[in-house]
Amino acid sequence: MFEVGAWRVPSVKRLLRGVERAPGEAPAVVRQRRGPREEEYGPPRPRHVGIIMDGNGRWAASRGLSRTRGHEAGIRALPRVVDTALEEGIEHLSLFFFSTENWNRPRGEVAALMRLTAQLADVFRGYGERGVRLRWLGSEARLPPSTLAALRRAEAETRGNRAMTLAFCFNHGGREEIARTATSLARASANGALDPGLIDEALFTRHLPHPDLPDLDMLVRTSGEQRISNFMLWRAAYAELFFVDTLWPDFTGDELRALLAAFATRKRRFGTGVG
């Protein structure tokens, strides 16, 4: 049987068909223009889309396969979604790979996900040739050195790209991120570098990891579950939520386009009651 532990980067590349383009072929990037009303209430396309990629295990179980096979199938869905986001002109795409709570999964599954993510980060650096910037949102705690190094390398080598930001949310937890930011502010206050009376939402945001990453406009969760599972809690405050029944390995670019069309019909009032 083909085990995750034996995977190498070329093997993952075979799973990620569609990542590589023909030599000289330009990336398909569509930019959306905003009208006056769109500037006030938000663009017809979200600036920042987050996806909780759920359902790999159930997809595998329904076929009598191991959970490892489910994660393998989930990998094949990634280029479909990333390519579509590029084509639709999405500026920021955040994908939830692994949460701080996922350490509670069986040790073998966690180890496989660590190895797979190290390889996946290296493979996704290929998107750098299409102008994609790779970011990593998460905690260093408990990560194997090889996985951490691959994530850092992907960030460093694509830092100057601007076509789209692709954020790996790996070992990420919304509460952990908020607690880490609060700790940073508390230390600054204790050192006399910050007046605690000046702390407000804007200042807090500037102290978040990757403060230049904007709030989520649109949050999608696959597999039929209707919760956000500790994902980007601070940035999801006004996100439009979409819960779809499709299991992640079956999720397609056409489904993402349909959700983007649905997003365009929503009235985003941000508490004003106007519109």
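**Entry 1: terms and setting**

For these notes I take helices as DSSP runs of H or I with at least four residues and strands as E runs with at least two, numbered from the N terminus. I am working on a predicted model. By that assignment I find I90 in the loop between helix 4 and strand 2.

**Entry 2: the whole chain**

I looked up the overall make-up next. The protein chain has nine helices and six strands. Of its 275 residues, 50% are buried. I then checked how the contacts spread along the sequence: among those with a separation of 6 or more, 77% join residues 24 or more positions apart. The surface came last, and the chain exposes about 13400 Å². Carbon and sulfur atoms supply 51% of that area.

**Entry 3: back to I90**

Is I90 buried or exposed? I count I90 as buried because its relative accessibility is 2%, and the cut-off for buried is under 20%. I then listed what I90 touches, leaving out residues up to four places away in sequence: P46, R47, V49, A85, A163, M164 and L260. L260 caught my eye, as L260 and I90 lie 170 residues apart along the chain. Their C-alpha atoms are separated by 9.9 Å.

**Entry 4: L86 and its distant partner**

A163 turned up again when I moved to L86. L86 lies in helix 4, and at 1% relative accessibility L86 is buried. Between L86 and A163 I find 77 residues in sequence, but 7.7 Å in space from C-alpha to C-alpha. A163 is also one of the residues that I90 touches.

**Entry 5: the nonpolar cores**

Which residues of the largest nonpolar core touch the most other members? I find I51, L78, L93, L95, F97 and F124 in that role, in a core of 48 residues. Helix 5 (residues 107–124) gives this core its largest share, eight residues. A second core is separate from this one and holds 12 residues, among them I52, L137, F231 and A236.

**Entry 6: E177**

L137 led me to E177, since L137 is one of the residues E177 touches. With residues up to four places away set aside, the others on that list are H172, L208, P209 and R235. E177 sits in helix 7 (residues 174–190). I had wondered how a glutamate would score here, and with a relative accessibility of 2% E177 counts as buried.

**Entry 7: P214**

R235 came up once more at P214. Which residues does P214 touch beyond four places in sequence? I noted R47, H48, H92 and R235. P214 belongs to the loop between helix 8 (201–206) and strand 5. Its relative accessibility is 13%, so I put P214 down as buried. H48 is 166 residues away from P214 in sequence, yet the two C-alpha atoms are 6.8 Å apart.

**Entry 8: two positive phi values**

I went looking for positive phi in residues other than glycine. R142 has one, near 75 degrees, and N230 has another, about 65 degrees. Both residues are in loops: R142 between strand 3 (132–137) and helix 6 (145–157), N230 between strand 5 (218–221) and strand 6 (240–243). Their surroundings contrast. R142 is exposed, because its relative accessible area is 60%, whereas N230 is buried at 13%.

**Entry 9: F263**

Toward the end of the sequence I stopped at F263 in helix 9 (residues 253–264). F263 counts as buried, with a relative accessibility of 2%. I paired F263 with F242, which is 21 residues off along the chain, and got a C-alpha separation of 8.8 Å.

**Entry 10: the largest pocket**

What is the volume of the largest pocket? I have it at about 560 Å³. Its lining has 28 residues, and M53, D54, F97, N102 and R105 are the closest to the centre. F97 was already in my notes as one of the best-connected members of the largest core. Helix 4 gives the most to the lining, five residues. Helix 3 (56–61), helix 4 (67–87), strand 2 (92–99) and helix 5 each supply at least two. By class I noted 12 nonpolar, nine polar and seven charged residues in the lining.

Methods: Residues numbered from 1 in each chain as written. Predicted model: local features only at pLDDT ≥ 70, side-chain atom pairs only at ≥ 80, totals over all residues. Heavy atoms only, no water. Buried < 20%, exposed > 50% of the residue type's maximum accessible area, 1.4 Å probe, protein only. Contact = heavy atoms within 4.5 Å. Core = buried A, V, L, I, M, F, W, Y, C linked by side-chain atoms within 4.5 Å. Areas by Shrake-Rupley, 256 points an atom, 1.4 Å probe, with all protein chains shown as cover. 1 Å grid on protein atoms, 1.4 Å probe; cavity = no way out; pocket = protein on both sides within 12 Å on 5 of 7 lines; lining within 4 Å. Points joined across faces, edges and corners; volume = space filled by probe spheres on them. Nonpolar A, V, L, I, M, F, W, Y, C, P; charged D, E, K, R; others polar.
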